[in-house]
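Here are my notes on this one, as promised. Have the viewer open while you go through them.

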Amino acid sequence: SANTPVTVIGLGPMGQAMVGAYLDRGHPVTVWNRTASRADELVARGATRAETPTEAVRASELVILSLTHYGAMYDILDTVGDALAGRVVVNLSSDTPEATREASGWLADRGADLLVGGVMVPAPMVGGEGAYVFYSGSAATMDAHRQTLAAIGRPDYRGEDPALAQLWYQAQLEVFLTALSSFAHAAALVGSAGVCAAELAPYSAETFALAAGMLQESSNRFDVGDHRDDGANVIMMGATADHIVGASRAAGIDLALPLAVKDHYDRAIAAGHGRDSWTSLFEVIRKPGE
Ligand code: NDP
């Protein structure tokens, strides 16, 4: 309910947006940040400033962390001693799956339960309509706090292994970042002939939509290992990948991305997948040694 107190530690753009979402919904919010001045505006809006991390952790059962990485969590929580016992730490910081698993053990040793979260929208969208957050950790803890956490975004619980939310977060950002880099690269490619990026944009949008339409069918093939030729085989697609490298080289632009793509095709051909569907790339990507 709106009476549930929450503590937010870490007041970068994301933490500030989370505090804002809780204040808007009437929750008592305690905040702490290494650089104290970043709390000023939130305190003026009704948040309570904790003078120390210990005070912040004591203020609420639910302790939300929004930090640059998991290393910052240790810097801050190492100083709070017994205060962690019985707390639920919701860490919404990005890091590797392994760092996430370690943190779960470190907190369990101190009597605290870790819920791992990955927020899937930028700060201005936190608490809004399209916001969602991947979570992993104890299902019972998730259930107990689901409603309170929904203020940040729709909770999307992925399972008990603490690393899962981190994996899902990074899978989503991988697709996002690679797609954006590919567009920047394509813009540089046509740009080498004097074409402006704005002219390319609607065409690339169409290609993104075409690729999006292929995901479900492709994932079914990944899942069962069915790579029979479906009209887009590795030799044909690989030749195109090679032409993109050649075109990029001639244009004098960066080669890293097209070379990485071409490498997938080369290795699929070397593994005997030349006449299979491009979906066989999945095999050389997931087991590069074979
Ligand atoms: P910032 O990196 O701007 O802020 C992070 C916070 O971490 C600051 O409050 C900073 O304190 C604190 N911090 C960093 N290192 C330490 C340390 N060693 N000891 C104590 N405090 C420390 O992050 P954002 O708010 O942008 O993001 C937070 C997390 O959310 C990140 O993991 C990010 O990947 C993720 N995220 C960000 C999105 C975005 O659009 N920004 C979108 C989705 C997720 P101080 O103020 O003192 O420097």
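**Notes on the ligand site and one β-α-β unit**

1. Let's start at a backbone contact: a polar backbone atom of Leu-67 is 2.9 Å from an oxygen atom of the ligand. Keep in mind that this is a predicted model.

2. Two side chains also make polar contacts here. Arg-34 has a side-chain N or O atom 2.9 Å from an oxygen atom of the ligand. With Asp-75, the ligand's partner is a nitrogen atom, 2.9 Å from a polar atom of that side chain.

3. How much of the ligand does the protein bury? On its own the ligand exposes 900 Å², and the protein buries 77% of that. As for where it is, the ligand sits in the second largest pocket.

4. Now the surroundings. The ligand has 23 residues around it, and the closest are Asn-33, Thr-35, Arg-38, Asp-75 and Ser-94. Helix H1 (13-24) and helix H4 (70-77) are the elements that give two or more residues to this shell. Which of them provides the largest share? That's H4, with three residues.

5. Away from the ligand contacts, have a look at strands E7 (residues 132-137) and E8 (residues 154-159). The two pair in the parallel sense, over five bridges. For a spot to click on, take Val-133, whose bridge partner in E8 is Pro-155.

6. Last, the connection between those strands: E7, helix H6 (residues 139-149) and E8 together make a β-α-β unit, and the unit is right-handed.

Terms used: Residues numbered from 1 in each chain as written. Predicted model: local features only at pLDDT ≥ 70, side-chain atom pairs only at ≥ 80, totals over all residues. Heavy atoms only, no water. Pairing = 2+ DSSP bridges. Helix = DSSP H or I, 4+ residues; strand = E, 2+ residues; numbered from the N terminus. Right-handed = clockwise from strand over helix to strand, strands pointing away. Near = heavy atom within 4 Å. Polar contact = N/O pair within 3.5 Å; in protein donor to acceptor, adjacent residues only side chain to side chain. Areas by Shrake-Rupley, 256 points an atom, 1.4 Å probe, with all protein chains shown as cover. 1 Å grid on protein atoms, 1.4 Å probe; cavity = no way out; pocket = protein on both sides within 12 Å on 5 of 7 lines; lining within 4 Å. Sits in = over half its atoms within 2 Å of the grid points.
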